[in-house]
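Here are a few exercises to work through with the model open beside you. Try each task yourself, then check the steps under it.

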Amino acid sequence: MNTLFFRYIMIAGLILPVAIACEEERPEPIAAGGNVPANVSDIAVEPLPGGAKITYSLPSTPGLLYVKAEYEWPAGVKRESRASLYGDSLIIRGLGTTGEVNVNIYSVGSGEVASAPTQVKIKPLDPPVITTFASLGVQEDFGGVYVSFENPSKADLVISLLAKDERGDWFPVDAHYTNRDQGGFSVRGQESKPTDFGVFVRDRWNNKSDTIAVNLTPIYERQLEGLRVINFPTDVSTFYSNNNFTRLFDNNFSDPSGLKHTAVGTGLPQWFTIDLGESTKLSRLKYWMRGIVANPTYLYGFGNPQRWEVWGSNNPDPDGGWTQWTKIMDCEAVKPSGLPAGQYTTEDREVGAAGLDYAFPSDTPPMRYLRWKTNKVFGDVTYVHIIEIAFWGE
């Protein structure tokens, strides 16, 4: 026992001084400072929409870390852009002006020591909020308005829709996020009465355009109720579990409890038939794909319809043939970002969750029966799944 205690004391005696020595040492920074780097040279400025690209030659100062640009936009708000020493340019973005902006460029070396500033002036091209604002189109649509836009620089933008209330005050109705080069979106749920609408554009630096104001009357429509899926001999009739198409109009958007899913191996093309209950003048349909709620990995993938046809009839063939059917339109679901399967932007998710709208041609005659024929799905699969479908008309 005494021998073990003696050994413990010896070991502790060896360790303790080391621990004390470590506590007494105060490590210093590897470099508290450094040489003042030389300035960049051979500076050239290329104007960009809402900014500029500044190209230069790097100095040969040892320990150079990066190059930075400091500027103000708007007045009094200091901003900074940086570029590593492995390139010869830096980009300035987010300027909501076409006027001259003073930029100070610094070389920064070890210890964050900066060179003296080199001042350049940049004169940006029209910022994206202005370019996109100039392209805006606003028109009446079923149950609301349709806004079209162009965004050639593919900037991250928010296009906001306003409306006036009875007191004449503006209030927000919708905000559409996009970085597409062009496109459009519908805003529904508006009353069919003359209404003042306003639209403006904002970017992620909070630059804002003017507001375009229009007075429009949304086109009257109502969502159809009492729809049912009927089965003709040639219609798809086998399903995965109990996920049949008779539940297409149950307002259940969850996954999997709201899923409508044909059996694996049913193949393409495949179709099903809908009875509207009465002959109806149709305005639009909306399609919600699988993956909008619980399992986003299915969004724009797997058995979600990508291309399909809509046919109409008032007197369909009882044998399931096509002789009494008239093709109304071709439809395609488009992923806004165009990214590969499994990759999504905020806009992709928001568009999918809102449902995809398809307007019926204005000359479509009233129809009682519709046939949905799926020709292509997003994935390399032999089945179709849908979460929900809805129709509007008069």
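**Exercise 1.** Find the loop that holds Phe302, then work out whether Phe302 is buried, partly exposed or exposed.

*Solution.* Start with the place: Phe302 sits in the loop between S20 and S21. Next, check the backbone of this predicted model: phi of Phe302 is near 55°, a positive value in a residue other than glycine. That's worth flagging, because most residues other than glycine have a negative phi. Last, look at accessibility: Phe302 comes out at 35%, so it counts as partly exposed, between the 20% and 50% cut-offs.

**Exercise 2.** Do the same for Ser241: which loop is it in, and is it buried or exposed?

*Solution.* Ser241 belongs to the loop between S17 and S18. Its phi is near 55°, again a positive value in a residue that isn't glycine. The relative accessible area of Ser241 is 61%, and exposed means over 50%, so Ser241 is exposed.

**Exercise 3.** Track down the cis peptide bonds that end at Pro256 and at Pro269, and say which loops these prolines lie in.

*Solution.* Take Pro256 to begin with. The bond running from Asp255 to Pro256 is cis, with omega near 20°. Pro256 is in the loop between strand S17 (228–230) and strand S18 (260–261). Now go on to Pro269: the bond joining Leu268 and Pro269 is cis too, with omega about -5°. For Pro269, the loop is the one between S18 and S19. Why bother listing these? Because most peptide bonds are trans.

**Exercise 4.** Which residues touch the most other members of the largest nonpolar core, and which strands feed that core?

*Solution.* The core has 42 residues, and Leu370 and Phe391 touch the most other members. Then sort the core by element: those giving two or more residues include strand S19 (270–280), strand S21 (305–313), strand S22 (326–332) and strand S24 (367–377). Strand S20 (282–288), strand S23 (356–359) and strand S26 (388–393) are on that list as well. Now zoom in on Phe391. Skipping neighbours within four places in sequence, its contacts include Leu224, Leu227, Phe249, Ile274, Leu282, Leu285, Phe360 and Leu370. Arg222, Gln223 and Arg284 are among the contacts too.

**Exercise 5.** Give the strand order of the four-stranded open sheet, and find what stands opposite Gln223.

*Solution.* The order is S16-S26-S20-S23, with antiparallel pairing. The edges are strand S16 (222–223) and S23, each of which pairs on one side only. Follow the S16 edge inwards: S16 and S26 are antiparallel and share two bridges. Opposite Gln223 you'll find Trp392 in S26.

**Exercise 6.** Now map the three-stranded open sheet: what is its order, and how many bridges link S1 and S2?

*Solution.* The strands run S1-S2-S5, with antiparallel pairing. Strand S1 (41–48) and strand S5 (89–92) are the edges, pairing on one side only. From one strand to the next, the twist averages 15°. S1 pairs with strand S2 (residues 51–57) over six bridges, in the antiparallel sense. One of the pairs to look up is Leu48, whose bridge partner in S2 is Gly51.

**Exercise 7.** Where is the pLDDT below 50?

*Solution.* Begin with the overall picture: the mean pLDDT is 90, and 91% of the residues reach 70 or more. The stretch you're after is residues 1–32, where the pLDDT is below 50. Beyond near neighbours in sequence, that stretch has two contacts in the model.

Key. Residues are numbered from 1 along each chain as its sequence is written. This is a predicted model: local features need pLDDT of at least 70, side-chain atom pairs count only at pLDDT 80 or more; totals for chains, interfaces and linings use all residues. Side-chain values use heavy atoms; hydrogens and water are left out. pLDDT is the predictor's confidence in each residue, from 0 to 100. Contact means heavy atoms within 4.5 Å. A nonpolar core is a set of buried Ala, Val, Leu, Ile, Met, Phe, Trp, Tyr and Cys residues joined through side-chain atoms within 4.5 Å. Buried means under 20% relative accessible area, exposed over 50%, partly exposed in between (1.4 Å probe, protein chains only). Two strands pair if DSSP finds at least two bridges between them. Axes are lines fitted to C-alpha atoms, for helices over the stretch in contact, and angles run from 0 to 180 degrees between N-to-C directions.
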